[in-house]
Structure formats: C-alpha cells, structure tokens
Amino acid sequence: MDGVWVKRGGRMAEGARGWGRRDLLRRGLLVVGGVAVGAGTSEAWWITHRRMPIAGGPASATLGNGQQDVGSGALEVVWSGRTNQRLVALTFDDGPAPQWTPMVLDTLAQHRVPATFFMVGAQVHRHADVVRDRLAGHEVGNHSWEHRDLAELDAAEAYDDLRRSHDAIADLTGTPPVLLRPPYGHLGGAVLHAAARLDYRLVLWSLQMVEREFPGDPAGHARRIVAGVRPGTIVLGHDVGAHRRLVALRGLTDMINGLRSRGYTFVTVSALLGAGVAPTPTR
C-alpha cells in the first residue's frame, strides 16, 4: 500500500505520502528538541530569571555564586516563646513619634513593665528626642527604614534598608539591635538573606491588638487581649498610626492589670526567647 489511509466522513480516503513523511519528520524534530530543551533547562532558566524578581530578587534567599555573607549562617524565625512559664512580651511597632510614644512609655513606667519597640529608622532619625533617655529596661528592634514592604525589594535593597535603620537605632540606644520585625510581617527570600547578614532574630507575633473590633471600648479591648494570652505570647501593638489604635493604648493599664491578675510577668522579647537578657522587675 503506497498511500496513507485515514477515515473521513464514514469513508476511507487516501492521504498524500508527502504529508505522512512530513509529519514523521516533525515528530522526530520534536523529540530531539525535547531532549535538547531538557538538557539545557537549568541554563535557560537562569538566563530567563537572572534578573528580578527571581534570582537575586525578592524571592531569592541567595545572592550570586560566591561565598554567602550571612553572618552566623543561620536565621531563627519566631512567633512566640517556648515556655510553660506565665511570661508575655508586649511589642509596639512603627514609632517613635511624639503623638503616642510618650503615652505608652508613661504607662509602662508607671506599672514598671518592660516592652520591645520595633522602631522605624526614619522615625528614629526624626524623633530621637521623644525616646532619648527613656528606654532603660526596654528593648528596641529594627522595623525597617521607612516601613516599605521589604518582601518587594531585592536582596541588596533589603539589606541597605535594614542596615540604615540598624545604624540609626544603634546610634540612639548605644546598642545594635538584634531583632527584626519586617513591615506587615511579610517574609521573602531577600528579607531572610538580609536578616541573616545582620545576625538578627526575626520576630513576628502570636496575638495582635484588634482595635477595629472595639471602637470606643478600651476596657473591652483589654479584656479581649487578656483572655487571649498564653505562656510565651508575643503581643503586637502600635505606638503610631490611625486614631482608632488609641483604643488599645488607652486600655493598656487594664491590660497590664488583667494579665498580672492571671499571674503573668512582662518581659522583653529577647528575655522571653532566652537570649540571656534578665527580665526587668515588674513589681
């Protein structure tokens, strides 16, 4: 049989010999091409993605082909402390600022409560006098330079941002920060890489103040937080922001008293995580 037979419309029709050969040739080229593509996949991927946002960009936790400059070479990410003791860490993000930070510091001083402030470097630069000489017993961590979403930056940009804030905080406190909380709690490869380079512990939270749920009800909000705390809880609050956040800050005394009535002791994050920082006496 010289032709290629196919069934069309219920009858058999003869196809051209040339088409059959062409089809076979095309199929053969696809097979050969597939092997070549498979062999070159790694190189092709790198050529395509060597720029942001993959290689060296926000998603990448490695940078280049040389020795990685990543401090101790490890990074810890924590949401809460591993403890059965009734310890709790209050944290405040986004400051310092003259509007609310002094209010928070006054309340903490009145009740002898230590806290951890994750400060924005640009805010430190603008408002250093607001907190100067008022941070004894407290801890300061890095919260980026201008509260940009670090998960959108490449590895070099994320490092430069954090390094700038790191230096501003060290100048203010006399002690380089050892904790990082990325804005919005967003993690990405570049964030992890930059944090490792600076030998940070990366600290998120296990309970957040929920001001929207308690408009005009500081006492109700305080009860909500007190009820939600467990041993080792890291509580997220803010000492800068929208006016509604004052609900939490105005209820801070009720929150402190409520947690103490449940037998809780307040510590900084580093003390909670066992970093060798002695808890500040709270009574």
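**Helix α6, its surroundings and the salt bridges of the chain**

In this predicted model, helix α6 is followed by D199, a residue whose phi is positive, near 55°. The helix that precedes this residue offers a convenient point of entry.

Helix α6 covers residues 189-197, and seven of its nine residues are buried, so the rest of the structure largely encloses it. The buried positions are G189, A190, V191, H193, A194, A195 and A196. Their packing partners are helix α5 (155-173) together with the strands β7 (179-180) and β8 (201-203).

R197 also lies in helix α6. With a relative accessibility of 25%, R197 counts as partly exposed, because buried residues must fall under 20%. R197 takes part in a salt bridge with D69, in which the closest N and O atoms are 3.7 Å apart. This pair joins distant parts of the chain: D69 sits in the loop between α2 (41-49) and β3 (76-78), whereas R197 belongs to α6, and the two positions lie 128 residues apart in numbering.

The bridge from D69 to R197 belongs to a wider set, for the structure holds eight salt bridges. Another of them is formed by the side chains of R163 and D167, with an N to O distance of 3.1 Å. R163 and D167 are both in helix α5 and stand four residues apart, so about one helical turn separates them. An α-helix has 3.6 residues a turn, and residues three or four places apart therefore point the same way. R163 is partly exposed, its relative accessible area being 31%. D167 likewise counts as partly exposed, at 33% relative accessibility. Helix α5, which carries this pair, is also one of the elements against which the buried residues of α6 pack.

A further salt bridge connects R244 with E211, where the closest N and O atoms are 3.8 Å apart. Here, too, distant parts of the chain are linked: R244 lies in the loop between β10 (233-238) and α8 (246-250), E211 lies in the loop between β9 (207-208) and α7 (218-228), and the two are 33 residues apart. The partners fall into separate accessibility classes. R244 counts as partly exposed at 29% relative accessibility, while E211 is buried, with a relative accessible area of 5%.

Attention now turns to a pair of helices. Two packed helices are described by the angle between their axes and the distance between the axes. Helix α3 (residues 101-111) packs with helix α9 (residues 252-261) at an angle of about 30°, and their axes are 10 Å apart. Because angles under 35 degrees count as roughly parallel, α3 and α9 are assigned to that class. The crossing in which α3 passes α9 is right-handed. On the α3 side, the residues involved are V104, T107, L108 and H111, and they meet L252, T253, I256, N257 and R260 of α9. Sorted by class, this contact comprises four nonpolar, four polar and one charged residues.

A last feature concerns strand β11 (residues 265-266), in which F266 is found. F266 counts as buried, because its relative accessibility is 0%. Between F266 and R112 the C-alpha to C-alpha distance is 9.1 Å, although the two residues are 154 apart in sequence.

Terms used. Residues numbered from 1 in each chain as written. Predicted model: local features only at pLDDT ≥ 70, side-chain atom pairs only at ≥ 80, totals over all residues. Heavy atoms only, no water. Buried < 20%, exposed > 50% of the residue type's maximum accessible area, 1.4 Å probe, protein only. Contact = heavy atoms within 4.5 Å. Salt bridge = Lys/Arg side-chain N within 4 Å of Asp/Glu carboxyl O. Axes fitted to C-alpha atoms, helices over the stretch in contact; angles between N-to-C directions. Parallel < 35°, antiparallel > 145°, perpendicular 65-115°, else oblique. Left-handed = near helix turned anticlockwise from the far one by under 90°. Nonpolar A, V, L, I, M, F, W, Y, C, P; charged D, E, K, R; others polar.
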